[in-house]
Amino acid sequence: SGFNSIGHMDTMLRGRRQIGHCKEGEEFIQNVFHVLFQIFTGKEKSNLSICWLQYEISKVVQCLQAKKKKKLKAQGRRSKKLAKNFLKAPDNRNNLTLWKLYAYLEWLLGNTDDARKVFDTALCTAGTGGLKSAHLCSLSLLYAQLEVELLESIEGAVMSRAVHILTKLTESGPYVPYSGQVLSVNVLKARKTYEHALQDYLSKTPVSDQDQVSDADQLVNLVGCYALFQYLTVGIDAAVLIYTQASEKLEASGPQKCEKTGENFGIQNFPSALEAVMLLHTNLLRFHMKISVYPLNPLREALTEALKRYPSNQSLWRSYIHIQRKSHSASKARRFFDSVTRSTDSLEPWLFAIQAEQLRKKLTEKVQRADVGEVHCTIPETGLTNRIVALFEHAVQSENGTHCPLLWRMYLNFMV
């Protein structure tokens, strides 16, 4: 027992309780971590600590989504204890990734001031690598992103803590915590530094495979920091411009470099860098639409472009469904889903197409039953039901769909 429902089945309700981690499954996963933790040493052990903490954070996020306050408190205590134990280990004291995850955990639990202290401590001890250090860039980017999410509007954001973090990153000196103001001259210097750093990165050729991987990560972090900096100091158009430039350069540099160096340069890591840049781009547009008035079209175009390239990216699909729910016409989205499912073997487009229709069905039923309580309407909505069944039928006939337990369970659940 316990193995059957380890997997998340977020789309299905069992009675009133959302299915998450069942007790036996959870015990099994914890046992695996404990056993491996005694076997590994050095770098592997650090990597395992990172995986373990990410898993704990995923459970905290689940409690937040389900709005279970009691469970969140208990889960938060356990996760924090684990994170502190990891950071006490001599090997991990300077591990910026672990510090970053611990600060993020505190932030998720609503302890914003404690999280800031952790971020500041990590940045102060991280040394003076500036934009050259991938871990430092990644840490500063997350810190700045979380700070930006607290902003009510983009007005006066130049003086915000986020700008201070992104400006300090370019100075390659020791980090100084935010004191309430950012000097204009520092902002100008930072913009120049970002500009030059990005140009250097986009024009250089990596030497070895190992460099490639770290370069791709570093480029994503750099683009993210620079675009966020431009967003806060200039505006959304300036940020979008940077994402566009980086994406064009990444698209162009893939296959050709591959021929020159004889390595599979473009195939391995640059697509992942391009995917990450597109994700940052769409997330920023979504955030901007939340805090100010902005047309939907740029976001829709960016998402469709990204999904044609990366049809199995779940975050992109979630954003796509989110914006499609706002529109009353389903035909555009249906055509898009249809074209993507024809051109790819991955299962995500099918699953999300089904989810989109199910949400639409829920909405129509809600409207039809308004103010009457649970009285079923006299004219049942059969069109959507038939469409969903047809989607399930096509999905389970595809090579990957036949072997997907989640898809079969969803189909059975829907038919019931």
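In this predicted model, helix 13 comprises the 13 residues 297–309, which at 1.5 Å a residue should span 18 Å, and the distance of 19 Å between its end C-alpha atoms agrees with that expectation. The buried residues of helix 13 are Leu299, Arg300, Ala302, Leu303, Thr304, Ala306 and Leu307, and several of these reappear in the surroundings of Thr282, a residue of helix 12, which covers residues 270–291.

Thr282 has a relative accessibility of 1% and therefore counts as buried, the limit for that class being under 20%. When its neighbours within four places in sequence are left aside, Thr282 is in contact with Leu299, Ala302, Leu303 and Leu316, and Leu299, Ala302 and Leu303 are also among the buried residues of helix 13. Although Thr282 and Leu303 stand 21 residues apart along the chain, their C-alpha atoms are separated by 6.6 Å. The side chain of Thr282 also reaches the backbone oxygen of Leu279, at 3.0 Å.

The largest nonpolar core of the model contains 115 residues, and Tyr194, Tyr231 and Leu407 are those with the most contacts inside it. Helix 9, formed by residues 209–233, supplies the largest share of this core, namely 12 residues. For Leu407, the contacts beyond four places in sequence are with Leu347, Leu351, Ile354, Phe392, Ala395, Val396 and Gly401.

Leu407 is also one of the buried residues of helix 19 (residues 405–415), together with Met410, Tyr411 and Phe414. Seen down the axis of helix 19, these buried residues fall within an arc of 100°, so they line one face of the helix. An α-helix has 3.6 residues a turn, so residues three or four places apart point the same way. On the other side of helix 19, Pro405 and Leu412 are exposed. The buried residues of helix 19 pack against three helices, which are helix 16 (348–368), helix 17 (382–397) and helix 18 (399–402).

Helix 16 also includes Lys362, which, with a relative accessible area of 58%, is exposed, because that class begins at values over 50%. Lys362 and Leu384 are 22 residues apart in sequence, while the distance between them in space, taken from C-alpha to C-alpha, is 10.0 Å.

A polar contact between side chains is found at Ser46, which belongs to helix 2 (residues 42–66). Ser46 counts as buried, its relative accessibility being 10%. The side chain of Ser46 makes a polar contact with the side chain of Asn92, at 2.9 Å, and, with residues up to four places away in sequence not counted, Ser46 touches Asn92 and Asn95.

With respect to cysteines, a search of the whole structure finds 0 disulfides. A disulfide is a covalent bond between the sulfur atoms of two cysteines. Cys124, at 39% relative accessibility, counts as partly exposed, because this value lies between the limits of under 20% for buried residues and over 50% for exposed residues. Cys404, by contrast, has a relative accessible area of 13% and is therefore buried.

Conventions
Residues numbered from 1 in each chain as written. Predicted model: local features only at pLDDT ≥ 70, side-chain atom pairs only at ≥ 80, totals over all residues. Heavy atoms only, no water. Core = buried A, V, L, I, M, F, W, Y, C linked by side-chain atoms within 4.5 Å. Buried < 20%, exposed > 50% of the residue type's maximum accessible area, 1.4 Å probe, protein only. Helix = DSSP H or I, 4+ residues; strand = E, 2+ residues; numbered from the N terminus. Contact = heavy atoms within 4.5 Å. Disulfide = S-S within 2.5 Å. Expected span 1.5 Å × (residues − 1). Polar contact = N/O pair within 3.5 Å; in protein donor to acceptor, adjacent residues only side chain to side chain. Arc of directions from axis to C-beta.
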